[in-house]
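Let's take a walk through this model together, starting at the DNA and ending at a pocket.

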There are 2 protein chains.
Amino acid sequence: MQFSIGCEYAIHGLLYLAMQRPDEVVLLTDVAKAQNLPVSYLAKVFQLLAKAGLVKSFRGAHGGYMLAQTPDQITLRDVTQAIEGTTPLYSPLSSRRECGLAADCVIKEAFTRAEKSLFSELEKVTLKEMMDQAIRMRSRMKWLQVPVAG
Amino acid sequence: MQFSIGCEYAIHGLLYLAMQRPDEVVLLTDVAKAQNLPVSYLAKVFQLLAKAGLVKSFRGAHGGYMLAQTPDQITLRDVTQAIEGTTPLYSPLSSRRECGLAADCVIKEAFTRAEKSLFSELEKVTLKEMMDQAIRMRSRMKWLQVPVAG
DNA sequence: ATAATTCGGATAGTTATTGTCCTAATATAA
DNA sequence: TTATATTAGGACAATAACTATCCGAATTAT
């Protein structure tokens, strides 16, 4: 039970966007190069982020991506949900197997509470906070040594 | 990001054990039959539960399984951890990919908090509570209509 | 001894994740 | 209008993880 590596790519990519000038449009290849991510898979990740409304995409020449919201509006929950979708942590009623307990299954209720608690923590963390913390420890972070406009 | 079906098998199996007379040793095949689970996979699940100290196993004739702790001592967290192990929800430092942020990675810290919150909720739910609730709604539950000794 | 059972390893089947590639759609610029 | 740059989306391949099965070894009761 782990968040997929796509989530990591997404967070790193979004952090990169957040470090740019606001309204600066960045090429996918630049994001991938700066963060050392496989560009073809990152493309899929960014499509999900765009669908979820976290980034704006621009096609054609001079196209690319920028944040669709300010960094303090984007939470870790938004990101994980954009990438992983909304499947519950525990879903005995899904296609996987018929649950004899029907809808009011006590087990499911317990997991639902746990899941809410998890998401509520992820909701507390914004891209801005992560970026600020990252800048503070920048000297230790090779991958964030990119030009940041002021 | 979902708990594996092995967790579901484990919970159902443990609930079945919890419904027996205390100290009653039950055959794996009986558990599987009663809960309609694939016995060969359930065997693996129960091996994990035994290693985690949630059930006691007895080999040989008249062997089988019983709970190693009272139902109010076994939490949902114990079960999921026994089956899924202790891999963190987010592990950029693992084998998957070198994380440029090193150990103090801010992202990882955020996920660690979230994970703790998740586990803390799962810890609140015991086998006994689930069993009691299940008994209350027993009429709706085909699979729990098994003899319970008093 | 024999029968009953779990243990552990090997392995196969299935599904999910990760990654690549190609074409279509779109936008800019000459 | 044409050429070029770029994302969108579908198809597909590779890899990894999960699920399931089987078999022989170890263990225990009779």
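The surface near DNA strand D is made up of 10 nonpolar, 10 polar and 6 charged residues. Here Ala, Val, Leu, Ile, Met, Phe, Trp, Tyr, Cys and Pro count as nonpolar, Asp, Glu, Lys and Arg as charged, and the others, Gly among them, as polar; a residue is near a strand if one of its heavy atoms lies within 4 Å of it. This is a predicted model: local features need pLDDT of at least 70, side-chain atom pairs count only at pLDDT 80 or more, and totals for chains, interfaces and linings use all residues. Side-chain values use heavy atoms, with hydrogens and water left out, residues are numbered from 1 along each chain as its sequence is written, and chains are lettered from A and ligands numbered from 1 in the order in which they are written.

Which residues come nearest to strand D? Of the 26 around it, they are A:Lys44, A:Ser57, A:Arg59, A:Tyr65 and B:Arg59. On the DNA side, 69% of the strand D atoms within 4 Å of the protein belong to sugar or phosphate, and the rest to bases.

Now zoom in on single atoms. A polar side-chain atom of B:Arg59 sits 3.0 Å from a sugar or linking oxygen of DNA strand D. B:Ser4 has a side-chain N or O atom 3.4 Å from a phosphate oxygen of DNA strand D, while a polar backbone atom of A:Gly60 is 3.2 Å from a base oxygen of that strand.

Notes
A polar contact is a pair of N or O atoms within 3.5 Å; within protein, one must be able to donate a hydrogen and the other to accept it, and residues adjacent in sequence count only if both atoms are side-chain atoms.
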